[in-house]
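Reader: I would like to go through the terms used for this model. Please show it first, then justify each label.

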Amino acid sequence: AEGSTHTLMATVSQYACQRRTTTENNNKIFTDAFEVLAESYEFNEIEGRCLAFRRAASMLKSLPRAVRCLGEMQDLPCLGEHTKAVMEEILQCGCSFEVKKLLSDERYQTFKLFTSVFGVGPKTADKWHRRGLRSFSDILADRSIHLNRMQQSGFLHYGDISRAVSKAEARSLRNIIDGAARAITPAAILALTGGFSRGKEFGHDVDFIVTTPELGREESLLPEVIDGLKKQGILLYCDYHASTFDVAKLPIRRFEAMDHFAKCFLILRLEGSRVEGGLNSAEGDGRGWRAVRVDLVSPPMDHYAFALLGWTGSRQFERDLRRFAGAKRGMLLDNHALYDKTKNEFLAAETEKDIFAHLGLEYIEPWQRNA
Ligand code: DGT
Ligand code: MG
C-alpha cells in the first residue's frame, strides 16, 4: 500500500481541475494552518502569497492520505519554501508557531470578526480597524460610521447567517425557490449549485441557477421570482443585479470579478415547519424560523453550462480551470463562455462535459471538485 500511495502522490497535477477532490480531507492539520495564513495575507492584500497557500492547501486536500514526512513533500506540486517550512514544523511540533501567533494577533482577530459580517470585506475591516474599532459594539456605537444596506442586514441577521446551513435546510429552500419559479413559468429550470451540489453537508449559503429555456425570458424571470418571495413574506433582504452580459465580450481571466448574468443575493426567512426533522437552531431560541443567505443567478439557456460550471466551484477549482485553459490550451474561460485564442472563436457547450472535452480534460464530477 505504501508503494502505490507513493506513486499516486508522485503524479499529482498542479491544477485542481486535473485532480479529484472529495469532501474527505486527510490533511486537515496542514490545510487549516494554511487557511489561517492565506486569510492573513488576504487581510493585508498580499494576493500572491494568499493564493500560494490556498493552492497548496487545495493540492493537499486531493491526497488519498496524510503527508507523514518531509520526504513525501518532494514529489508534490504547489509547495514552496514557506509552505514546506510550515508543514515541517507541524510534523515536528504538532502545530505552527507562525499560525499560533496569528491566531492570537489582535489585527488578525479583528479582521476575522469584522469580515464575518455579510457585506464587510477586508477594505471595510481595515477602515474600521484604523479608526480603533475592535468589536461589534464599537461599530454600532460609533455614530460617524455609515453602514450600507447590506451591512445593516448583516448585523441584523448576524446570529442566523453566521450559523451553517444544513443539507435539509438547502432542500427546503430548493422547494421554496422551485415553487416560486414554477408559479411564474412551468418551464422554469432550477439547479442547485455551490457547495451543496458538491456534496457538502453544510454551507454558508445556498446557491441556485434559475432560468428558462426561452432565450431572453430569464431576464424578467428573476425579478418575478423575487417578487413572489416578497409576496410570501419571506424576503428579508434583496440585492438584485440586472444582467450586463454581452455575448460578444471575450471571457475575462480574473476569477474574483463577478460574472455579468442577472443575479441576486438574498436573505430569506426559512420557517421551521418547512424543514423535515425540525429546525434545531431556531427552535433553540423559540422562534421557529431562521434567516438564510441564498444566491440566485439567471443565465440565458445557451450559456447555462458555463454558468453551472462556474457556480459549482470550489473557488480553487474555478481558479485552476481558468489557469489551465490559459496556460495549457491558449483558451479563455469564465462563467459565461470559452474562447479559443488560436482559432479566434467561441466554443459552444450544452453540458459541463462538453466544456471539459473542449479543454481536453477528463470529466470531474461535482462531488470531486472540492479542491
Ligand atoms: P459555501 O461557503 O459553503 O457556500 O461554499 P461554496 O463553494 O458554495 O462557495 P460560494 O457560495 O461562496 O460560491 C459558490 C460558487 O459561486 C463559487 O465556487 C464560484 C461562484 N462565485 C461566488 N462568488 C464568486 C465571485 O466573486 N466570482 C466568481 N467568478 N465566481 C463566484
Ligand atoms: Mg455557497
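Reader: How many aromatic pairs does a search of the whole structure find?
Author: The search finds 13. The model is a predicted one.

Reader: Why is the pair of Phe118 and Tyr237 called edge-to-face?
Author: The planes of Phe118 and Tyr237 stand at 90°, and over 60 degrees counts as edge-to-face. The centres are 5.5 Å apart; the limit for a pair is 6.5 Å. So both criteria are met.

Reader: What makes this a link between distant parts of the chain?
Author: Phe118 lies in the loop between α7 and α8. Tyr237 belongs to strand β5. The two are 119 residues apart. Both residues are buried.

Reader: What kind of pair do Phe356 and Tyr363 form?
Author: Also an edge-to-face pair, with 5.1 Å between centres and 80° between planes.

Reader: Why is Phe356 called buried and Tyr363 partly exposed?
Author: Phe356 has a relative accessible area of 1%. Buried means under 20%, so Phe356 qualifies. Tyr363 has 22%. That value falls between 20% and 50%, so Tyr363 is partly exposed.

Reader: How do you know that the charged end of Lys353 sits over the ring of Tyr363?
Author: The charged end of Lys353 is 4.9 Å from the ring centre of Tyr363, and the distance limit is 6 Å. Arg287 lies over the face of Trp289 likewise, at 4.4 Å from the ring centre.

Reader: What makes Asp205 and Asp207 donors of the magnesium ion?
Author: Their OD atoms lie 2.0 to 2.1 Å from the ion. The cut-off is 2.8 Å, so both count as donors. Both are buried.

Notes
Residues numbered from 1 in each chain as written. Chains lettered and ligands numbered in written order. Predicted model: local features only at pLDDT ≥ 70, side-chain atom pairs only at ≥ 80, totals over all residues. Heavy atoms only, no water. Donors = N, O, S within 2.8 Å, 3.2 Å for Na, K, Ca; no water. Buried < 20%, exposed > 50% of the residue type's maximum accessible area, 1.4 Å probe, protein only. Phe/Tyr/Trp six-rings, centres within 6.5 Å; stacked < 30°, edge-to-face > 60°. Helix = DSSP H or I, 4+ residues; strand = E, 2+ residues; numbered from the N terminus. Lys NZ or Arg CZ within 6 Å of the ring centre and 35° of its normal.
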